[in-house]
Amino acid sequence: MEYSPSAKFVDAPSAVVLQRDWRAVPVTSREEDGWLIATSGALTVRYRLKSGPFTHANLEVSWTDGSGRPHSWHPGDVDSGNLGGLTYSLDNIATANLPQDGRDLESPVDDSIPGIDLVLPRAQPGLLSRSGWAFIDDSATPLLDAQASWVEPRTGAGGQDWYLLAYGRDYRRVLGEYAQLCGPVPMIPRFVLGPMITDFNFEYFPGSGESQRPEFRRYEQRYLMREVARMRADRIPFDTLVLDFAWHNYGWDGGYDWSPLFPRPLELMRWLHERGVKLSLNDHPGYIHTDESILSYNDSHAAEVLAALGRAAPAKPSFELDLSRGFSFSTDPGAGHWQPIRIGLSWEEQGHARYRGVGWYRTWVDLPPQVPQKLFLYVGEVRKTYRLVVNGQEVTPSRIHWPQRLTYSDITPYVTAGARNEILLRVEPDVEAQGEPRDGIVLGPVAIRDVAPPARIYFDLSDRSQADVFMRELHGPLMSQGVDFWWVDGGSGSVDMPGLNKQLWTNKVYYDFSEQHTGKRAFILGRYGDWGSERYPGYFTGDTYSEWPVLAYEVAFSARGGNVLVPYISHDIGGFHGKRIDFDLYARWIEFGAFSGILRMHSAHENPREGNLRMPWYYGQRGVELMRRYFTLRTQLIPYIYTYAWRAHRESLPILEPLYLEYPDVEEAYRHPHEYFFGTEMLVAPVLHPSGRQTIWLPPGDWVGFFDGRHYQGGRTFTAQYAVEDTPVFVRAGSVIPAQRPSEYSDARPLAALILDVYGSGDGRFELYEDDGESLGTDAEGQHARTLLTHAVSADGRHQLVIEPTEGAYPGEPALRSYELRLHGAARPSSISVNGAAAGHWVWDAARSTASVEIASRSIRERLDIEWR
């Protein structure tokens, strides 16, 4: 539905809506009593002629659902039956700001991101609703240009550009139509489904006091390589190492030079790739409500980037006086007690560990008889605030906003040339700081210069030329050297075009460049940009607290991601704000992560001081065994998960499905937001309480325990106790789950050997999808393969598993394949045959009610028929 005051209508795609050209629909229309009435048979639209923009009073859409019930919609209608959407992020969520009803369906309350003055808005309604309709307002979104390659602002004002999707309870249909409208989920690189580890979550400033501390000098490239080697030695598989902010040389000032912690980055990347480990780097394109510097003037790329942007290099000072030495400190200047203090370290680290009051810094500066016309005092970083007094007169420093640290003051009127001048700073501590306090002048420079600091280097990514410079000059070289994908931390402050979702466009810029630069599938970790976000996977949810209610909220949130077709949600497994958490919480978070869209460990630990507290050895052998178990399981399940990644791409269905997507007409399916389908064969109900007790509803039908092989009757609710190393996962009876053999990383072994787990009695069908895991264009024939697996049980109890000949091909496809069959949850078979001949040796595990049989390697074009009774 579109309204234009000028009668100039728009058919161009927008940054959100890509498909404008739909097949013609027969419509009849008439005018009646001043109304235009148009009907397609499926629905009717009524608009009062000459009544202006669409309102509740002049527009109505009506339709009848599949059961014959009438429905109607008017502008402004509240969708009380909506099943929820996603928020921009989950930054800073904790027990205090989460919904208190235990269902975790509503948005967090008064949730804000510290430092950037952003109160996170509530989630927009999702696509799925018990009301049977969804509404998308695209009125303000900029349009793509004639080549559909870049955006330009909409012209004119007062226009409306709306979409209403009416679908009853056919939730799958609306997801498919939305994908047609706004773009499908792309295929992802296969390796991103494997486990990820994050490290180096701190800042590095060259020459700072912090950077010279022994623990900082120890926590560097060789230390990181030892950690990776230890994971391999402990037989814990993982695919990706994600480096947080300390890889940048200039911290929050912005830098694309490697910090000295990585003296040989090319060696590191080569070493990682030789061991099957991909590398992702954290990047900050700009936070909203800040003047974040994106590129330091000290970075080696600065001169070339400034030239490309058409900006002059900043003026260099002709007068500079370093004041970083010679300061004294006092907690009580009136008493005359002063002692020397270093700039760059907190006062807590210099003999005042328990002091939380006002701190005073003083120095004396001898100026020469001749000084420049202007003098500015630079102060690097003061925690938390300060007042400046020069020769007894108060001076107002420049205003700053996190993450800026450098302040400056024009001290020209207050100093005397050829004389000794007193500079005094009254420092207020950061009494609200979390963790160990660090107060005072904690970072240089402290200097007097004759020029003010230059304006920051910033990029508006909605400006095509600036976006090109940003990606080509700063990101392209790193990707050519071996960086595999980007963690886009922020982005809500890197776009200046009105009406354009800042995060959506930032994600698009990174994603599209990655694809174009490598010629392969792209992937990023970025926050959510509302409608259209499914086109740029994946979604990083931000910095949460390490608490049980937060884990529960993340589970419901991940399932709800299916409501807006976002299948690849990445949480900080273990939480962000939390040091060494209790083992029970650590274990439950990992268990959930193993059955989520993306499995990535991370936290806000200060690595150099504490180490990476999400690594398993901080919990001893028990931690190592737990991570090994679930990381190995995740890696083995990738053939199953990757097939559902293909389904997400082709059929526009999520990997994690809320229960009501499968059972839209079953009331109980709406009452269990902390359960979800992982694919359609598996149901997951993570344990979310330290007691280990979990209440579970199983949908109608027969189910088998994924881990224990026990039989469960569906259509009922039960409560069970789960040991800390176990998690509730159930499989539909009759299902076939493909898996691969254990390996150090997901692509270590091609599918020349396949494990097939068959669960219980019943009919099952699974079409295994394969391709090379990275190439574009795998939709085409000759670029992928599919193998149909069917399981059936006859009336006399005979089981038959048929592996049909593989159809299609792709580069690197194995010609031969062996199989390991594991038959779960049935009585001990009396016989097993392969293509009519006895299978030979097979093993029965009575404790797990599982029979296992190996089938020798044979052509993937050969049909296999396995029977047992």
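**Exercise 1. The surroundings of Val-724**

In this predicted model, work out where Val-724 lies, whether Val-724 is buried or exposed, and which residues Val-724 is in contact with once its neighbours within four places in sequence are left aside.

*Solution.* Begin with the contacts: leaving aside the neighbours within four places in sequence, Val-724 is in contact with Phe-583, Asp-584, Ala-587, Arg-588, Glu-591, Arg-622 and Leu-626. Next, place the residue along the chain, where Val-724 lies in the loop between strand E37 (716–721) and strand E38 (729–732). Then turn to the accessibility: Val-724 has a relative accessible area of 10%, and because buried means under 20%, Val-724 is buried. Finally, consider His-649, which is 75 residues apart from Val-724 along the chain, and note that the C-alpha atoms of the two residues are separated by 35 Å.

**Exercise 2. Two pairs of helices**

Find how the axes of helix H11 and helix H12 cross, do the corresponding task for helix H3 and helix H4, and name the residues that make each contact.

*Solution.* Take H11 (residues 620–636) and H12 (residues 638–651) to begin with: their axes come within 5 Å and cross at roughly 50°. An angle under 35 degrees would count as roughly parallel and one of 65 to 115 as roughly perpendicular, whereas the angle here makes H11 oblique to H12. The contact is made by Arg-634, Thr-635 and Gln-636 on the side of H11, and by Ile-638, Pro-639 and Ile-641 on the side of H12. Sorted by class, the residues of this contact are three nonpolar, two polar and one charged.

Now take H3 (residues 221–233) and H4 (residues 265–274), whose axes come within 11 Å and cross at roughly 5°. H3 and H4 are therefore roughly parallel to each other. From H3 the contact involves Gln-221, Leu-224, Met-225, Val-228 and Ala-229, while from H4 it involves Pro-265, Glu-267, Leu-268, Trp-271 and Leu-272. The residues of the contact of H3 with H4 divide into eight nonpolar, one polar and one charged.

**Exercise 3. Salt bridges between separate parts of the chain**

For the salt bridges of Arg-456 with Asp-291, Glu-320 with Arg-449 and Glu-854 with Arg-741, determine which parts of the chain each pair ties together.

*Solution.* The count of salt bridges in the model comes to 61, and three of these pairs can be followed in turn.

- The side chains of Arg-456 and Asp-291 meet at 3.8 Å, N to O. Arg-456 lies in the loop between strand E25 (440–449) and helix H6 (464–481), and Asp-291 in the loop between strand E15 (278–283) and helix H5 (302–309), so the pair ties together parts that are 165 residues apart in sequence. Arg-456 is partly exposed at 24% relative accessibility, and Asp-291 is partly exposed at 43%.
- In the salt bridge of Glu-320 with Arg-449, the closest N and O atoms are 2.8 Å apart. Because Glu-320 lies in strand E16 (residues 320–322) and Arg-449 in strand E25, the pair ties together parts that are 129 residues apart in sequence. Glu-320 is partly exposed at 48%, whereas Arg-449, at 19% relative accessibility, counts as buried.
- Between Glu-854 and Arg-741 the closest N and O atoms are 3.4 Å apart. Glu-854 lies in strand E49 (residues 850–859) and Arg-741 in the loop between strand E39 (736–739) and strand E40 (753–759), so this pair ties together parts that are 113 residues apart in sequence.

Salt bridges can also be linked to one another, as in the network that joins Glu-210, Arg-213, Glu-215, Glu-349, Arg-438 and Arg-609.

**Exercise 4. Two loop residues**

Describe the accessibility and the polar contacts of Asn-58 and of Asp-117.

*Solution.* Asn-58 lies in the loop between strand E4 (43–48) and strand E5 (59–64), and Asn-58 is buried, with a relative accessible area of 3%. The side chain of Asn-58 makes a polar contact of 3.0 Å with the side chain of Ser-51, and a polar atom of the Asn-58 side chain lies 2.7 Å from the backbone nitrogen of Thr-55.

Asp-117 is found in the loop between strand E7 (112–113) and strand E8 (118–119), and at 56% relative accessibility Asp-117 counts as exposed. The side chain of Asp-117 makes a polar contact with the side chain of His-401 at 2.7 Å. As a last step, note that the C-alpha atoms of Asp-117 and Ile-288 are separated by 8.5 Å, although these residues are 171 residues apart along the chain.

Note on methods: Residues are numbered from 1 along each chain as its sequence is written. This is a predicted model: local features need pLDDT of at least 70, side-chain atom pairs count only at pLDDT 80 or more; totals for chains, interfaces and linings use all residues. Side-chain values use heavy atoms; hydrogens and water are left out. Helices (H or I, at least four residues) and strands (E, at least two) are DSSP runs, numbered from the N terminus. Buried means under 20% relative accessible area, exposed over 50%, partly exposed in between (1.4 Å probe, protein chains only). A polar contact is a pair of N or O atoms within 3.5 Å; within protein, one must be able to donate a hydrogen and the other to accept it, and residues adjacent in sequence count only if both atoms are side-chain atoms. Axes are lines fitted to C-alpha atoms, for helices over the stretch in contact, and angles run from 0 to 180 degrees between N-to-C directions. Angles under 35 degrees count as roughly parallel, over 145 as roughly antiparallel, 65 to 115 as roughly perpendicular and the rest as oblique. Contact means heavy atoms within 4.5 Å. Ala, Val, Leu, Ile, Met, Phe, Trp, Tyr, Cys and Pro count as nonpolar, Asp, Glu, Lys and Arg as charged, and the others, Gly among them, as polar. A salt bridge is a side-chain nitrogen of Lys or Arg within 4 Å of a carboxyl oxygen of Asp or Glu.
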